[in-house]
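Work through these exercises with the model open beside you. Try each task before you read its solution.

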Amino acid sequence: MPERYPDVGLFQQIMGLNLVPRKNATYRGNDTSLSDFSEMWYGVFLWATVSSVIFHLPAALVALATLRQHKVARFMPIAIMLMSIVGPLCGGVLTSAAIAGVYKAAGKKMIPLEALVFGVGQSFCVLTISFLRVLATL
């Protein structure tokens with residue numbers, strides 16, 4: 001019996017979701033590149049926010065498991081999850097706009113994979129700086 005659905009990997013399925021809304025809701029066929037500033041900004045910002053939540057979720061779960069008996073610290077997981085949203089809303093908005101601005105000024109189109117790399121890269125940089133405690137040495 002022939003296969004009806006080809007075997008597509010999880011990564012290809014995620015990249016094919018077209019999560020970024022198109023300017024003026026135009027249909028471009030197979031062209032999934034992000035060409036407008038708002039499309040590029042939203043793509044990078046979306047991945048930065050999602051990766052930040054994914055990075056903060058294990059910390060919140062560990063805090064929930066270990067601090068559930070404490071009188072005041074049991075609310076720490078709420079603060080951790082709030083920071084997973086507040087961080088990208090404050091810093092991620094600006095850095096995503098800077099990345100999209102450079103692409104727009106250069107006249108380049110951004111493919112969704114680049115938006116993923118830049119978004120996750122932003123969250124990874126925040127994670128690295130916070131673990132290395134570089135800011136404490138200033």
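Buried means under 20% relative accessible area, exposed means over 50%, and partly exposed lies in between (1.4 Å probe, protein chains only). This is a predicted model: local features need pLDDT of at least 70, side-chain atom pairs count only at pLDDT 80 or more, and totals for chains, interfaces and linings use all residues. Residues are numbered from 1 along each chain as its sequence is written, and side-chain values use heavy atoms, with hydrogens and water left out.

**Exercise 1. Classify I111, then find where it sits.**

Step 1. The relative accessibility of I111 is 43%, so I111 counts as partly exposed.
Step 2. Locate I111: the loop between α3 and α4 holds this residue. Helices (H or I, at least four residues) and strands (E, at least two) are DSSP runs, numbered from the N terminus.
Step 3. Compare sequence and space. I111 and M40 are 71 residues apart in sequence, with 8.8 Å between their C-alpha atoms.

**Exercise 2. Describe the overall fold.**

Step 1. Count the elements: the protein has 4 helices and 0 strands.
Step 2. Write the pattern along the sequence: α-α-α-α.
Step 3. Look at burial. Of the 138 residues in the protein, 26% are buried.
Step 4. Look at contacts (heavy atoms within 4.5 Å). Take those between residues at least 6 apart in sequence: 64% of them join residues at least 24 apart.

**Exercise 3. Check the length of helix α2, and look for a bend.**

Step 1. Helix α2 covers residues 37–66, which is 30 residues.
Step 2. The expected span of a helix is 1.5 Å times one less than its number of residues. For α2 this should give 44 Å.
Step 3. The end C-alpha atoms of α2 are 44 Å apart, so the two values agree.
Step 4. Now the bend, which is the angle between axes fitted to the seven residues ending at a residue and the seven starting there. At H56, α2 bends by about 30°. A proline, P58, follows within four residues.

**Exercise 4. Which residues make up the largest nonpolar core?**

Step 1. Define the set. A nonpolar core is a set of buried Ala, Val, Leu, Ile, Met, Phe, Trp, Tyr and Cys residues joined through side-chain atoms within 4.5 Å.
Step 2. List the 10 residues: L34, M40, V44, W47, I99, A100, Y103, M110, A115 and L116.
Step 3. Assign the elements. Helices α2, α3 (76–106) and α4 (112–132) each give two or more residues to this core.
Step 4. Recall a general trend: in soluble globular proteins, nonpolar side chains tend to be buried together.
Step 5. Zoom in on M40. Not counting residues up to four places away in sequence, M40 touches L34, S35, A100, Y103, K104, K108 and M110.

**Exercise 5. Compare three polar residues: S84, T49 and S38.**

Use polar contacts here. Such a contact is a pair of N or O atoms within 3.5 Å; within protein, one must be able to donate a hydrogen and the other to accept it, and residues adjacent in sequence count only if both atoms are side-chain atoms.

Step 1. S84 lies in helix α3. Its relative accessible area is 0%, so S84 is buried. A polar atom of the S84 side chain lies 2.5 Å from the backbone oxygen of M81. Beyond four places in sequence, S84 is in contact with S52, V53 and H56.
Step 2. T49 belongs to helix α2. At 17% relative accessibility, T49 is buried. Its side chain has a polar atom 2.9 Å from the backbone oxygen of F45. Leaving aside neighbours within four places in sequence, T49 contacts I85 and P88.
Step 3. S38 is in helix α2. Its relative accessible area is 35%, so S38 is partly exposed. The side chains of S38 and D36 share a polar contact of 2.8 Å.

**Exercise 6. How many aromatic pairs does the whole structure hold?**

Step 1. Rings of Phe, Tyr and Trp (its six-membered ring) pair if their centres lie within 6.5 Å; planes under 30 degrees apart count as stacked, over 60 as edge-to-face and the rest as tilted.
Step 2. A search of the whole structure gives 3 pairs.
Step 3. One of them joins W41 and Y42: 6.5 Å centre to centre, 45° between the planes, tilted.
Step 4. Another joins Y103 and F118. Their ring centres are 5.9 Å apart and their planes are at 80°, so this pair is edge-to-face.
Step 5. Y103 lies in helix α3 and F118 in helix α4, so the pair ties together parts 15 residues apart in sequence.
Step 6. Ring pairs also link W41, Y42 and F45 into a cluster.
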